[in-house]
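Reader: I am new to this one and would like to go through it slowly. Could you put it up so that we can talk it over?
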Amino acid sequence: MELIRIPVEVHSQDGYGGGTGLVVIFEPPLGRRLWKAGALFLVGVAVGTLLLPVPLIHLAGVMFFLAMSWLAVRRLFATRVLKGAHGRCPSCHQDGDYFVGFGGRRLAYPVKSSCPHCRVGLELALPATADAALGGQPRTGRA
Ligand SMILES: [Zn+2]
């Protein structure tokens, strides 16, 4: 399993920026995605079929089947999933590992998490190098 590390900027929801960190991602191969999506779909079919003969509850079975099918499709097209993240919190200036799900979350910026030390909400985003090149000021926190 080859992990890819991407440098990110860390911004806290109490207004501080300028923290740096890394997100660790994994690009699951198509076979692995097909297998996981297929497993989710089959669980949906199995539970949906079991609940089908039960009056009223069968509606929940149909909803479960549809939800599992939706998850399966998402899993199939999740070409980049988050494995972990860590960095320096811009609010309390401590290094830490950030919780980003249990290893199956699809990568989408900004990655939302929170600081394990001060509990402030954090957003991990790709560095705004394009903004800086155009003369923009990097966010360094409120005055
Ligand atoms: Zn913190």
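Reader: Which residue takes a positive phi in the hairpin of S5 and S6?
Author: Before the answer, please keep in mind that this is a predicted model. In that hairpin, where six residues lie between the two strands, the residue with a positive phi is Arg119, at a value near 70°.

Reader: And how do S5 and S6 pair, in the parallel or the antiparallel sense?
Author: S5, which covers residues 111–114, and S6, which covers residues 121–125, pair in the antiparallel sense, and four bridges join them. Within that pairing, Lys112 has Glu123 of S6 as its bridge partner.

Reader: Which residues of S5 are on its covered face, then?
Author: Val111 and Ser113 make up the covered face of S5, whereas Lys112 and Ser114 are on the uncovered one. Lys112, the residue bridged to Glu123, therefore belongs to the uncovered face, if we take the two faces as they are listed.

Reader: Stepping back, what is the order of the strands in the sheet?
Author: The sheet is an open one of six strands, ordered S4-S3-S2-S1-S6-S5, and its pairing is antiparallel. S4 (95–98) and S5 are the edge strands, each of them pairing on one side only. On average, and with direction ignored, neighbouring strands of this sheet are turned by 30° against each other.

Reader: What holds paired strands together, in general?
Author: Strands of a sheet pair through backbone hydrogen bonds, and the pairing can be either parallel or antiparallel.

Reader: New topic: how many helices are there?
Author: The protein has three helices alongside its six strands, and from the N terminus on the elements follow the order β-β-α-α-β-β-β-β-α.

Reader: Which residues of H2 are buried?
Author: Phe65, Met68, Ala72 and Arg75 are the buried residues of H2. Looking down the helix axis, one finds them within an arc of 90°, so they line one face of H2. Helix H1 (30–51) is included in what covers them, while on the other side of H2 the residues Leu59, Met63, Leu66, Trp70 and Phe77 are exposed.

Reader: How far apart are the end C-alpha atoms of H2?
Author: They are 31 Å apart, which agrees with the 30 Å that the 21 residues of H2 (residues 57–77) should span at 1.5 Å a residue.

Reader: Last one: what share of the protein counts as buried?
Author: Of its 143 residues, 22% count as buried. As for contacts with a separation of 6 or more, residues 24 or more positions apart account for 60% of them.

Technical notes:
Residues numbered from 1 in each chain as written. Predicted model: local features only at pLDDT ≥ 70, side-chain atom pairs only at ≥ 80, totals over all residues. Buried ≥ 20, exposed ≤ 12 C-beta atoms within 10 Å, placed from the backbone. Pairing = 2+ DSSP bridges. Axes fitted to C-alpha atoms, helices over the stretch in contact; angles between N-to-C directions. Expected span 1.5 Å × (residues − 1). Arc of directions from axis to C-beta. Contact = placed C-beta atoms within 7 Å.
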